[in-house]
Every structure is written in structure tokens, then in C-alpha cells.
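Thanks, everyone; I would like to spend a few minutes on side-chain contacts, going through charged pairs and then aromatic ones. Please have a look at the model before I start.

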Amino acid sequence: MKQFETTLPEQYEALKKQANYTSSWRDRLEAVKTLSDYKHDKVIDLLKNRMQHDTVHEVQVAAYEALAAFGEDVEKPAPARFDIIKNTDKIFLRVKKSLPKDHTVADFADKLKRMRVDVFDAYEGNKGAEFMNWLEQRWAKL
């Protein structure tokens, strides 16, 4: 059985901030993985929050796995069945309207990333390699 540190890590405040950083699911995932070595009440609370409320399923699962390894009674999160961010189509439409009529999907993706990095990042994290194809389909429907 894996041994865990029971003290709070020295860099806890920085890791907490990183775990809640909305514009980078990769940073959140890295923070969750780092925190998974520390079985402390504050870490457990933070991991439960990420497991229940993160927009990216991979981050939720990493938090779940850490909590399960700690012996916490948790249920594995299911992937989102619908839009992970409320009013996604409205956000996409606003971005599309801000571009010239002859813009490309690449222009749309770039503008979305600049205007709403949180939305871009969340869907990129959830869709993985299929993200651009998914985004192009959504863009074409607008």
C-alpha cells in the first residue's frame, strides 16, 4: 500500500491556486497529481471539489483516483453528457459575430481562445484530439 505524506505540502497555497486555475486544465491536472501524495484534510477537501466541479473529466478522474487511494468513500465521476459550460452556443455565436463573414474555423478557434480561454480550455480538455473536429461542427451549425 502506498504511503502518503500526512502534512500539508509547503507549496499548498500555490498548488491550491493552480488547481483552481480556470484557463488551464493541464495546470489543474498537474496540481491534482502533485496533491495526490498528501493525505491531509485540506487536500482532501480540495480534491473533492475538483472531482465534483471541474469542467474537464480527466481532472475529475485524477481527483477521484487520489481520493480513492486515500481510502475516501467516493464515486467515480461520469463524463458530461451535455455542454459542460452553460450557454455555450451563445458564447460561440458572440465570437462568430465578432469576426468577418469570410473567417475560417481556425480564425474562430483563435478568437474563442482569446475571448473565452476558460471555454476553449474546458472543451479542449474534454474533447482531446477530437476537439478541432468538434469545434468545426459546432461552428458550421451557428
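Is D110 buried, partly exposed or exposed? This is a predicted model, I should say at once, and in it D110 has a relative accessibility of 41%, so that it counts as partly exposed. Its side chain meets that of R114 in a salt bridge, at 3.3 Å from N to O, and because the two residues are four apart in helix 6 (residues 105-115), about one helical turn separates them. R114, for its part, counts as exposed, at 58% relative accessibility.

In total the structure holds nine salt bridges, and some of them reach across the sequence. One joins the side chains of R138 and D89, at 2.6 Å from N to O; since R138 belongs to helix 8 (residues 131-141) and D89 to helix 5 (residues 88-97), the pair ties together parts that are 49 residues apart in sequence. Here R138 is buried, with a relative accessible area of 14%, whereas D89 is partly exposed at 41%. Another salt bridge, of 3.4 Å from N to O, is formed by E124 and R26, which links helix 7 (residues 117-127) with helix 2 (residues 25-35) over 98 residues.

Turning to the aromatic side chains, the count is seven pairs. F4 and F70 pair edge-to-face, with 4.9 Å between the centres and 90° between the planes, and they connect the segment before helix 1 (12-19) with helix 4 (residues 57-70), 66 residues apart. Both rings belong to buried residues, F4 at 17% relative accessibility and F70 at 4%. Finally, F92, F108, F120, Y123, F131 and W134 form one aromatic cluster.

Conventions
Residues numbered from 1 in each chain as written. Predicted model: local features only at pLDDT ≥ 70, side-chain atom pairs only at ≥ 80, totals over all residues. Heavy atoms only, no water. Phe/Tyr/Trp six-rings, centres within 6.5 Å; stacked < 30°, edge-to-face > 60°. Buried < 20%, exposed > 50% of the residue type's maximum accessible area, 1.4 Å probe, protein only.
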